[in-house]
Amino acid sequence: MYQEIHYKKIRDVVVFGAGYAGFAATLACRRAGLDALLVDRRAALLAESGWSFADETGSSSDPLWLEWRALLDRHGGGGEPGAMDGAIAEVLATDLVLHERMPVLYYAAPYAVERDVSGLVSAVIVATKSGPRCLCARRWIDATDAGELAVLLAADWKRSLPRSRTLNLFFRHPHAHPLPSLDLPAPDALPAGSTLRWQPGKWAGEQVLSIKLPGDAVRARTAWLPSLRALREAAAGDLKGAVLTHGSVMPLNAFAPRRDGSALAKILPANVCFAGADGGALAEKFDAGARAARRLADLPPGRAGETSGARPESAITGEERVAEVGIAGLGTGGAIAAIAAARAGAKVFAFEMMPFPGGVGTGGGLHVYYFGVKGGLQEEVDGRVREIMPLFGTAAQIGGFHPEAKKLVLDAMLSEAGVEVCQDAALHSVRTRDGIVEEARLATPGGPLRARTKTWVDATGDADFASAAGAKSRLGRAGDGMLHAYGQSSGRAAMVKDAVKLHIINFDAGYCDATDALDLTRARLAGVRQYVQERYDAETRPTYIAPVLGIRQSRQIETDYTLSLDDLINRQRFPDAISYTGCHYDNHARDYEFETDEAAFWVWVCQQWYGRLACEVPFRMLLPRGLKNIVLACRAAGVSEEAHHSFRMQRDVQRIGEAAGLACALTAVADADDCRAVPFTKLRERLIATGALKLQDLPDRMFGNHADAEYFETTPGQVESWLEELRGGPATEALWHLYRAEKLARPHMAALLDSADDTVSWRAAAILAMWGDERAEPRLLRAIRSREDDRARDITRPQQEWFYMPRWYGALTILKRCITPASLPVLEELAADPELPLNLRNAVALACEALAARRELSIGECARIAALLARLLATPAPHGIRGPQGSPLGKVEPPSVPQPTDLRRAIEDYTWQLHFAVARARRALGLPAHGEAGKFLQDERSIVRRAFAGMINGNKFAAAQVPAPRQTTVV
């Protein structure tokens, strides 16, 4: 069962803030039969638990609170009876939201309001990753501590000051008994009135350092390091063998209980109730939200959807920031870009959606590097992380860099460089004129903000900034619009041979369109729900749920140069090189029938999924076409679909972040209005000085694998040497070079096609097929008929087993390059096989599409294809429902990083792909889409809806044809 969310739908109530107050208010409204939407600018359900890790639970007699506590206790959600574990609370609350069908919208921040003729609030404009959107409701609840809605409504709104702000830092130790409690003297670096307490946690082997700061303390995270040093000095014996597992992403703000809301009611519109900044214990905050929900009946309803005719506006005048360089996003590339730009002498303003810098490495649970090339400013960052990591645990325990240590280092370096940072800020809109960004508008907890800078670095990951400025982009692969799988990581600590170690939990959780706030919300809910367990214990519980989704792919911006797979294979060098990249073809997809033909050839014929790829990175691939003062510093930079799978690693993005920040600073200081006019000699000099343009021998792999100088060593080779490899042992990249050297290699392929050696003739046929040569068709059909499979000859390394597919899979996939009507009998045989797996049915349909596009077919041939397509849909397709890491062969492939067995398996329904492939083939025949295709316009997944909307409306993957955005939540 599904429930839709439409932006323009008129609701009974909208609740802002997904903490305990907002959660309770929405749940109470839901139980009262009201249509209530819960909105949060992050994706922090019960943030006081899952992000602050509050330890003061409190008590309440409210029936909903008692029900919530009973749910936690049934699952062992607190270790000891009556306790509440932060991560588990977030997981079970997410499961409850989905079970109760409570509509949720994450990644949305209020920016402006509309009022009806009587002055009541009728609509709120929110900033989202999909652009500004309008929410309509009759009544409203602001359950945020900052008063995010209230500040837009009342010019004299005063934000409440908390009584205290508490950080909790959790350690896991190997002792069988709890350690004694200890009050520590507060270091001088902490604000006056701060206290430190070292005490047992809720689980066996857990100890907590609680840092209580006064309510007016700012930049609370700066208390971490002096507090940890004080702990090491006072309790060194306790910390032997211990490791810091997690800590407060944001402090818990404790407020005085507020019982009388009359003063607030006088300054807010009559249909708005404020439920934030109330109480310190979790139960008190919950009660505040529940009370607000029950007061709604006494509030007059606004005329939702109607306006007074005035423009939507905030009650306060938005603040303005002026700088030379603007940084959109302080994630993986943005933090490095901001530091580099400021060090180059520019005045830098940076905004970030999260309350911390560093992106997926610090907030996504992926605190290890996977390939990329070392060097440059990132080495300084890593060096400073190494210096403080002993405060957190040993390198062997952490298994990479500690994410909290990197947060602290980036915080310090941004501050030292003089970067002005605005956190918790959502991009609302961008004003551009003649290709120059003039102003960016942001939604912050304190109200609207406008930023004007000379140049901008787009480090948003999804290129939200460049897209809002007008940059053209593509989204998803050409075959079906599918994007790379996302991950929802978490923390875990467990005993391994009498030692406590952190584990990196990284798995493919599903697919989502990260440019759509609704689909991103769906993905977050689904990802967190995968951590539901019947019963939690100290060894298998998640210590935290990563605040940042592991989005691997979204937009790719059209830039002055597009890096290609061929560039990577040939170790391409560029006159405007600003960086290096090195990895392998790290594409998690298994359905290569929808990947490009070059991708299928590289992986399924050349067998090079693990083959080394490396090249220089040109400055031009960071420059969006049509825009002058934006430089990209994120995974959305100019790479082809195939090149993306190698160029998307943390080190890659950190490297281009440094180059982008420097380029924008040098351009701004030179008072130029186009980043293409950057003094390139100066840019290269600075990159050489930091080591960013040096291929160095840096053997230290403490923080993860990297591509060293050997990745860039290449022997050009000649046709004869490539032919020798073709005739010889396992498949190699020589097959790619022969394919690309068509003029020189073509005379040899016809002879090799007739070889008595099946391996030689297969490889020759594959190359000929890639050239569109119909002489390859009979050999490919022979491979399909005989179900040809010779992995012993094709591959030699055990790692290749994960992505190996039988030759006949590859033959069917590339058949479309050279297909003629002679293939019809084989395709008909395949379509008649009820055991034919989904992916091969897809390939058959796509081959039919190619045949219809390549040839003038007779009426009889068209009829045969139409009947064939109907047979593909006539029986359920095996392996159509499987996990994202499942194989088309029907087996579950082991992930590269072993995952806990207690996690729920992520399951995806891929059967839409067959209907999509059939609809494509029918369109090539001049036929309308079959009737079942229309149902996918209502699929819960944005990617699926977009694919079918474009297909059925005759404009493949056209975003403008997609139905109104919506969210669906699975029950």
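Two strands are said to pair if DSSP finds at least two bridges between them. The model on screen is predicted.

**First stop: β10 and β11**

Select residues 195-200, strand β10, together with strand β11, which covers residues 206-214. The two strands run antiparallel and are joined by six bridges. To find one of these contacts, pick Gln 199, whose bridge partner in β11 is Val 208.

Now move to the turn of this hairpin, where five residues lie between the strands. Select Gly 205 there; its phi is positive, near 85°.

**Second stop: the other partner of β11**

Keep β11 selected and add residues 164-172, strand β8. Nine bridges link β8 with β11, again in the antiparallel sense. Pick Leu 167 and look across to β11: Ile 211 stands opposite.

Is β11 mostly covered or mostly open? Eight of its nine residues are buried, so the strand is mostly covered, buried being under 20% relative accessible area.

**Third stop: helix α13**

Clear the selection and choose residues 403-417, helix α13. The C-alpha atoms at the ends of α13 are 21 Å apart, and this agrees with the expected span because 15 residues at 1.5 Å a residue should also give 21 Å.

Colour α13 by burial: 11 of its 15 residues are buried. An unbroken part of the buried set to select is Pro 403, Glu 404, Ala 405, Lys 406, Lys 407, Leu 408, Val 409, Leu 410 and Asp 411. Further along α13, Met 413 and Leu 414 are also buried.

End at Gly 418, just after α13, which takes a positive phi of about 85°.

Definitions and conventions:
Residues numbered from 1 in each chain as written. Predicted model: local features only at pLDDT ≥ 70, side-chain atom pairs only at ≥ 80, totals over all residues. Heavy atoms only, no water. Helix = DSSP H or I, 4+ residues; strand = E, 2+ residues; numbered from the N terminus. Expected span 1.5 Å × (residues − 1). Buried < 20%, exposed > 50% of the residue type's maximum accessible area, 1.4 Å probe, protein only.
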